[in-house]
Structures are given as structure tokens and as C-alpha cells.
Amino acid sequence: MKDRMNVELDKELLDILFCPRCKGNVRLNAAGVGIICGRCKLQYEVKDGIPIMLADEAKPIEEDGHSSN
Ligand SMILES: [Zn+2]
């Protein structure tokens, strides 16, 4: 039996979410377990399907040479 800890985030939810730091749009990361702000290069954690949109809780994303803008 598999645990279903990861709740998929709604795209509609992503639409209303924004980065608390730059007020810009955010997107789901590749694994679908984090919210990414491309401008701030920050990843916001998602706990129990609830995005933690706090700059203090966000973790910096490492540059991968891909510019999102
Ligand atoms: Zn931002």
C-alpha cells in the first residue's frame, strides 16, 4: 500500500499564488513538491499540499544555467 502524502497542487491554486518577496508568479518545480519563484531563485516548500509562501522558509535554488525569463 502506498502512502499518498503528495497532494497534487491545482493549477488554479498556482494561479492565485505569488511570491511574497517579488509579488511575481510562481510555478511548480519539476518534482511537483515545491513552488518556485524564478526571479528570486527561491523554492517554497509544500507541506501536506499546502504551499508555505514565506520568504523566510524558502530555500535558494541552485543555478542550473536555465533562465526562466
Ligand atoms: Zn520572487
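Which residues is Met53 in contact with, leaving aside its neighbours within four places in sequence? I looked this up first, in what is a predicted model, and found Leu17, Pro20 and Tyr44.

**Entry 1: around Met53.** I placed Met53 in the loop between S4 and S5. I counted 18 other C-beta atoms within 10 Å of Met53, and because a residue is called buried at 20 or more, Met53 is entered as partly exposed. I also noted the C-alpha to C-alpha distance from Met53 to Ile35, which is 8.4 Å, although the two residues are 18 apart in sequence.

**Entry 2: overall layout and confidence.** I read 1 helix and 5 strands in the protein, and going from the N terminus the order of these elements is α-β-β-β-β-β. Of the 69 residues, 12% are buried. When I took the contacts between residues at least 6 apart in sequence, 21% of them turned out to join residues at least 24 apart. The mean pLDDT of the protein is 83, and 78% of the residues reach at least 70. I then compared the elements: confidence is lowest in helix H1 (residues 11–16), with a mean of 84, and highest in strand S5 (residues 59–60), at 95. As a reminder to myself, where pLDDT is low, the predicted coordinates should not be read in detail.

**Entry 3: strand pairing.** I followed S2 (34–37) to both of its partners. Strand S1 (residues 27–28) runs antiparallel to S2 and is joined to S2 by 2 bridges, with Leu28 standing opposite Ile35. S1 and S2 form a hairpin with 5 residues between them, and in that turn Gly32 has a positive phi of about 75°. On the other pairing, 4 bridges join S2 to S3, again in an antiparallel arrangement, and here I noted Gly34 with Glu45 of S3 as its bridge partner. The hairpin of S2 and S3 has 4 residues between the strands.

**Entry 4: positive phi outside glycine.** Where do Lys41 and Asp48 lie? Lys41 is in the loop between S2 and strand S3 (42–47), whereas Asp48 is in the loop between S3 and strand S4 (50–51). Lys41 is not a glycine, yet its phi is positive, near 55°, and I found Lys41 in the turn of the S2 and S3 hairpin. The phi of Asp48 is likewise positive and near 55° in a residue other than glycine. I checked the surroundings of both: Lys41 has 14 C-beta neighbours inside 10 Å and so counts as partly exposed, while Asp48, with 7 other C-beta atoms within 10 Å, is exposed.

**Entry 5: the nonpolar core.** Which residues make up the largest nonpolar core? I listed 7 residues in all, namely Cys19, Val26, Ile35, Cys37, Leu42, Tyr44 and Ala58. The elements that give two or more residues to this core are S2 and S3. In soluble globular proteins, nonpolar side chains tend to be buried together. I looked more closely at Cys37, which, not counting residues up to four places away in sequence, touches Cys19, Arg21, Cys22, Gly24, Val26 and Leu42. Of the core members, Ile35 had already come up as the residue opposite Leu28, and Tyr44 as a contact of Met53.

Conventions. Residues are numbered from 1 along each chain as its sequence is written. This is a predicted model: local features need pLDDT of at least 70, side-chain atom pairs count only at pLDDT 80 or more; totals for chains, interfaces and linings use all residues. Two residues are in contact if their C-beta atoms, placed from the backbone, lie within 7 Å. Two strands pair if DSSP finds at least two bridges between them. pLDDT is the predictor's confidence in each residue, from 0 to 100. A nonpolar core is a set of buried Ala, Val, Leu, Ile, Met, Phe, Trp, Tyr and Cys residues joined through C-beta atoms within 7 Å.
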